[in-house]
Amino acid sequence: MFQYGKFFRFCRRIFRLFSGKQTLKGEENIQPRVIYVTHHQNLYGPMVAMAWFPAPLRIWALHVFLERGSCFRQFYLYTFTKRLNWGKNRAKLAAAIVAPLVTLLLKSGGAIPVFRGRRTIFDTIQLSVDALCRGESLLISPDVDYTDGAPEVKEIYLGFLNLEKYYHRKTGEHVIFIPLYCHQGRRTVHIGKAVSFRDGVPFGEERQKVAEEIKDQLNAMGQ
């Protein structure tokens with residue numbers, strides 16, 4: 001069974017120390033071999049979930065953050081310069097410090113790289129389905145605007161729901177999706193009820209229904 005690496009466990013202890021205790025709500029809904037879907041909230045959701053969820057989660061992370069060179073370029077050319085409007089020298093120094101730590105942290109945490117593009121996304125799907133088949137659970141934040149820190153979940157990508165097709169084809173079972181909401185104001189981690197596809201319903205129709213149900217649960221927990 002998958003376990004976090006030493007570096008990730010060390011960083012998680014530090015994060016817990018400075019972020020303060022979170023209360024878990026809905027622990028009876030926790031299951032193995034599922035996909036937990038959380039509201040990103042500009043990193044708050046994934047960070048708190050990974051720190052306080054009582055079982056290891058394999059988080060989906062953009063592939064550029066899992067290789068030191070591409071991680072450096074992402075921070076230097078986009079995060080620090082375009083998003084934060086830092087000067088080039090300051091951004092370059094910060095990226096040189098942050099990039100190796102982020103890459104190490106994600107690898108130690110067992111992150112699954114998310115590749116964009118029709119061909120390369122299959123690698124993400126394959127890694128994810130294999131993890132589920134081993135009894136591991138995933139954490140996915142499908143927000144379109146991941147920088148939005150508002151409590152409400154707005155538009156989400158539906159691509160992650162395609163995992164259902166490949167998992168069902170391989171195992172004959174349906175993927176279980178569980179909404180997971182980290183509430184900043186209440187300092188709580190809410191674990192929702194299981195959502196899954198139904199037998200005999202066209203995938204396109206059912207995908208929209210599952211997405212809406214996940215989104216509705218997240219927004220209800222965020223109120």
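Here are short legends for several views of this predicted model, from the whole chain to a single residue.

**View A. The helices and strands of the protein chain.** Welcome to the fold: the protein chain holds 7 helices and 7 strands. If you trace the sequence from its start, they follow the pattern α-β-β-α-β-α-α-β-α-β-α-β-β-α.

**View B. The overall dimensions of the protein chain.** Along its principal axes, the C-alpha trace spans about 60 × 40 × 35 Å. The radius of gyration is 18 Å, which agrees with the value near 17 Å that a compact globule of 223 residues would have.

**View C. Inside the protein chain.** Buried residues make up 45% of the 223 in the chain. Take the contacts between residues at least 6 apart in sequence: 71% of them join residues at least 24 apart.

**View D. The surface and charges of the protein chain.** About 12,000 Å² of the protein chain is exposed, and carbon and sulfur atoms supply 55% of that area. The chain carries 32 positive and 19 negative charges, and the mean positions of these two sets are 11 Å apart.

**View E. A close look at Asn219.** This residue, Asn219, sits in helix 7, which covers residues 203–222. Asn219 counts as buried because its relative accessibility is 16%, and the cut-off for buried is under 20%. Which residues does Asn219 contact, leaving aside its neighbours within four places in sequence? Its partners there are Pro151, Glu152 and Val153.

Terms used:
Residues numbered from 1 in each chain as written. Predicted model: local features only at pLDDT ≥ 70, side-chain atom pairs only at ≥ 80, totals over all residues. Heavy atoms only, no water. Helix = DSSP H or I, 4+ residues; strand = E, 2+ residues; numbered from the N terminus. Rg over C-alpha atoms; globule rule 2.2 N^0.38 Å. Buried < 20%, exposed > 50% of the residue type's maximum accessible area, 1.4 Å probe, protein only. Contact = heavy atoms within 4.5 Å. Areas by Shrake-Rupley, 256 points an atom, 1.4 Å probe, with all protein chains shown as cover. Lys, Arg positive; Asp, Glu negative; His and termini not counted. Charge placed at Lys NZ, Arg CZ, Asp CG, Glu CD.
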